[in-house]
Amino acid sequence: MTTTDVIEMISDIIETISDKSRYKATGTMSGHTFKAVEIHSGEITSTGIKNYHFAQIMTMETPTSLKRGQGRLFKDGDGFSKKTQIKISF
């Protein structure tokens with residue numbers, strides 16, 4: 001199975017989910033619109049997230065972004081993402 005096959009399979013699965021905004025990212029880069037699929041993984045505990053991983057795979061590229069089907073994978077360095085609290089004011 002190629003990377004393109006995996007991307008298409010993920011996109012097909014996401015199309016069946018009712019709240020697509022939770023999995024798709026869109027934005028602009030150098031004035032060009034891009035689209036990506038975001039995947040978050042980890043075990044939620046009372047004090048944070050254990051073994052947190054985050055992947056973003058491009059589904060619509062821009063001239064300056066990663067190509068369609070390419071992506072990035074991030075993982076927490078020590079294996080645990082401590083729960084934090086922030087205050088947001090508008």
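Strands, such as the S5 after which Ile86 lies, are DSSP runs of E with at least two residues, numbered from the N terminus.

**View 1. Overall fold of the predicted model.** The secondary structure of the protein comprises one helix and five strands, which follow one another along the sequence in the pattern α-β-β-β-β-β. Of its 90 residues, 19% count as buried, and the accessible surface amounts to about 6900 Å², with 54% of that area belonging to carbon and sulfur atoms. Among the contacts in the protein with a separation of 6 or more, 38% are accounted for by residues 24 or more positions apart.

**View 2. Surroundings of Ser81 in strand S5.** Ser81 is placed in strand S5, which covers residues 80-82, and its side chain is joined to that of Asp76 by a polar contact of 3.3 Å. When neighbours within four places in sequence are left aside, the residues in contact with Ser81 are Thr47, Gly48, Ile49, Tyr52 and, again, Asp76.

**View 3. A nonpolar surface patch that includes Ile86.** Ile86 lies in the segment after S5 and forms, with Ile88 and Phe90, a nonpolar patch on the surface whose accessible area is together about 480 Å². Ile86 counts as exposed because its relative accessible area is 68%, where exposed means over 50%.

**View 4. Ser30 in the loop between strands S1 and S2.** The loop that holds Ser30 runs between strand S1 (24-29) and strand S2 (32-45), and Ser30 is exposed, since its relative accessible area is 60%. Although Ser30 and Thr64 are 34 residues apart along the chain, their C-alpha atoms are separated by 7.3 Å.

Terms used
Residues numbered from 1 in each chain as written. Predicted model: local features only at pLDDT ≥ 70, side-chain atom pairs only at ≥ 80, totals over all residues. Heavy atoms only, no water. Helix = DSSP H or I, 4+ residues; strand = E, 2+ residues; numbered from the N terminus. Polar contact = N/O pair within 3.5 Å; in protein donor to acceptor, adjacent residues only side chain to side chain. Contact = heavy atoms within 4.5 Å. Patch = residues over 30% accessible without salt bridge, like charges linked within 9 Å, V, L, I, M, F, W, Y side chains within 5 Å. Areas by Shrake-Rupley, 256 points an atom, 1.4 Å probe, with all protein chains shown as cover. Salt bridge = Lys/Arg side-chain N within 4 Å of Asp/Glu carboxyl O. Buried < 20%, exposed > 50% of the residue type's maximum accessible area, 1.4 Å probe, protein only.
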